[in-house]
Number of protein chains: 2
Amino acid sequence: MSMLSMNLATLRNGSSFGEMIDDCLRHGVTAISPWRDQVAAVGLKEAALIVETNKLRVTGLCRGGMFPAPDAAGRQAAIDDNLRAIDEAATLGADCLVLVVGGLPGSSKDIVGARQMVADGIAAMLPYARAAGVPLAIEPLHPMYAADRACVNTIDQALDICVELGEGVGVAIDVYHVWWDPNLASAIARAGDMGRIFAHHICDWLVPTNDMLLDRGMMGDGVIDLKAIRAMIEAAGYTGPQEVEIFSRDNWWKRAGDEVIKTCVERYRAVC
Amino acid sequence: MSMLSMNLATLRNGSSFGEMIDDCLRHGVTAISPWRDQVAAVGLKEAALIVETNKLRVTGLCRGGMFPAPDAAGRQAAIDDNLRAIDEAATLGADCLVLVVGGLPGSSKDIVGARQMVADGIAAMLPYARAAGVPLAIEPLHPMYAADRACVNTIDQALDICVELGEGVGVAIDVYHVWWDPNLASAIARAGDMGRIFAHHICDWLVPTNDMLLDRGMMGDGVIDLKAIRAMIEAAGYTGPQEVEIFSRDNWWKRAGDEVIKTCVERYRAVC
């Protein structure tokens, strides 16, 4: 069985970094993926020390990206921030830096132009990422976020950027964002052929979904065929961790980390 | 300039069918697209008489579809209902019957299977539709509706079904559902080459979107580049009506039809 990793955004209930790690370890979870604000809250050095002391695997750092901006200064500021994110990922020994690429800048309606800003932004940070040994994982986001969070919305679209930019950039495949894609099987196979599957995130799509951002489901509570997608990903050659990432303001974020992680482990064994 | 059509779902403020038509005519709008419940409320014969008397063009009847069901009896019931919808469309002289194809049946997680049920359902109704002279317009819905409303989520996916089934079935291109598609330009060109663009629906994508179903925006209030998409559609050979379809529970549905239609006409001239 592959490894379960806890994306720490799943545990946004007010716990400290150290408490989250203690909760993970109590349930045998030794892989994590923190967000930059969570690392900053405890301090990068302290976070890295906790990771090293506990021999944790860091399956990703969330997140870089957000490249489009109305002017050149804004786009440069985004790139500068991404370089700092690379440093942080390197310090933590993260498997990759996850990129949520950003949506339409300002009041723009030019999604083609926004997509070019994304490719340009990744191109600008890529030499630094390669030198630091930090793979960049473009995370295609669900099309419902195309305007305000990410204008890269399918695996194939992300892979086209990878082809353009070369080595060091791949994809993070989050089932929540891609489960609906009519081309899912072929896109995952293509990503595997290219050797560009850098991360695999899991959760579930609830029916109904009451909030477009903060109502993701626990694995097994929704409609995503997680085993089928995992089979596609393993057939494509990726047998790495499955990382649980659940934004759930009104349900899982209200529960103790201990209960959340216990449930994640149970569901991981049962339905993933 | 092409013709503006009012999809009567835009006017769900309690007005009767006749009142909606009066509001349309007062603003020079002579094309409509009613929903089946709106036709049933006034009676099919009376609706047809109003259409004929006022020389209205009916750019579509909404909606058929909803093919997937957990068992054969359920799927047959859906087909039977679709045959009645064809009769209604024929009686109204509608340009097409719009198909919202349905999502996952029951507690199924098999989206590939659901998609097959859709193709099978359309195939089953197609001979009857051809005989009645009613074109079937598959409306790809935004991927956020893949689970519960429509598992056909891109123009290309709908066109693949058209290729499989032959003449008499095409696509309704609603900007709300497809604006994000990285393959939008090529998909519209393909639809035009195939001669399968049967309808063009317009509204806008608001940022933020506060409700996944009932918070569509008036043209010009969101991020969709309507002129650019219209240019693609006209370049593909479709110069037919642009049909305004806005589900807006907390805004436009609360306003008088007169104000809504007046605004639609103004925005149509300015930004479409």
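# A two-chain predicted model

Trainee: Is Met66(A) buried or exposed?

Mentor: This is a predicted model. Count the other C-beta atoms within 10 Å of Met66(A): there are 21. The cut-off for buried is 20 or more. So Met66(A) is buried.

Trainee: Where is Met66(A) found, and what is its phi?

Mentor: Met66(A) sits in a loop of chain A, between strand E4 (61–65) and helix H4 (72–92). Most residues other than glycine have a negative phi. Met66(A) is not a glycine, yet its phi is positive, about 55°.

Trainee: Lys55(B) also has a positive phi without being a glycine. Is Lys55(B) buried or exposed?

Mentor: Lys55(B) has a phi of about 50°. Its place is the loop between helix H3 (44–53) and strand E3 (57–58) of chain B. It has 7 other C-beta atoms within 10 Å, and the cut-off for exposed is 12 or fewer. So Lys55(B) is exposed.

Trainee: Where does the cis peptide bond from Val207(A) lead?

Mentor: Most peptide bonds are trans. The bond from Val207(A) has omega near -5°, which is cis. The residue that follows lies in the loop between E8 and H9 of chain A. The bond leads to Pro208(A).

Trainee: Which residue of chain B is joined to Cys62(B) by a cis peptide bond?

Mentor: The omega of that bond is about -5°. The residue has its place in strand E4 (residues 61–65) of chain B. It is Arg63(B).

Trainee: Which residues of helix H9 in chain A are buried?

Mentor: H9(A) spans residues 226–235. Its buried residues cover an arc of only 70° around the axis, so they lie on the same side of the helix. On the other side, Lys227(A) and Ala235(A) are exposed. The buried ones are Leu226(A), Ile229(A) and Ile233(A).

Trainee: What do the buried residues of H9(A) pack against?

Mentor: Two strands of chain A are on the list, E7 (169–174) and E8 (197–202). The rest are helices H7 (175–178), H8 (184–193) and H10 (257–271).

Trainee: Which residue with a positive phi follows H9(A)?

Mentor: Its phi is near 100°. The residue is Gly237(A).

Trainee: What is the radius of gyration of chain A?

Mentor: Chain A has ten helices and nine strands. Its C-alpha atoms fill a box of roughly 45 × 40 × 35 Å along the principal axes. With 272 residues, a compact globule would have a radius of gyration near 19 Å, and the value for chain A agrees: 17 Å.

Trainee: What share of the residues of chain A count as buried?

Mentor: Look at the contacts too. Of those with a separation of 6 or more in chain A, 80% join residues 24 or more positions apart. Of the 272 residues, the share that count as buried is 53%.

Trainee: How many residues are in the largest nonpolar core?

Mentor: In soluble globular proteins, nonpolar side chains tend to be buried together. Those with the most contacts inside this core include Leu97(A) and Leu97(B). Beyond four places in sequence, the contacts of Leu97(A) include Leu61(A), Ala89(A) and Ala137(A). The core has 191 residues.

Trainee: On the side of chain B that touches chain A, how many residues are nonpolar?

Mentor: In total, 22 residues of chain B are in contact with 22 residues of chain A. On the side of chain B, five are polar and four charged, and the nonpolar ones number 13.

Methods:
Residues are numbered from 1 along each chain as its sequence is written. Chains are lettered from A and ligands numbered from 1 in the order in which they are written. Helices (H or I, at least four residues) and strands (E, at least two) are DSSP runs, numbered from the N terminus. The arc is that of the directions from the helix axis to the C-beta atoms. Two residues are in contact if their C-beta atoms, placed from the backbone, lie within 7 Å. The radius of gyration is taken over C-alpha atoms; the globule rule is 2.2 Å times the number of residues to the power 0.38. Ala, Val, Leu, Ile, Met, Phe, Trp, Tyr, Cys and Pro count as nonpolar, Asp, Glu, Lys and Arg as charged, and the others, Gly among them, as polar. A nonpolar core is a set of buried Ala, Val, Leu, Ile, Met, Phe, Trp, Tyr and Cys residues joined through C-beta atoms within 7 Å.
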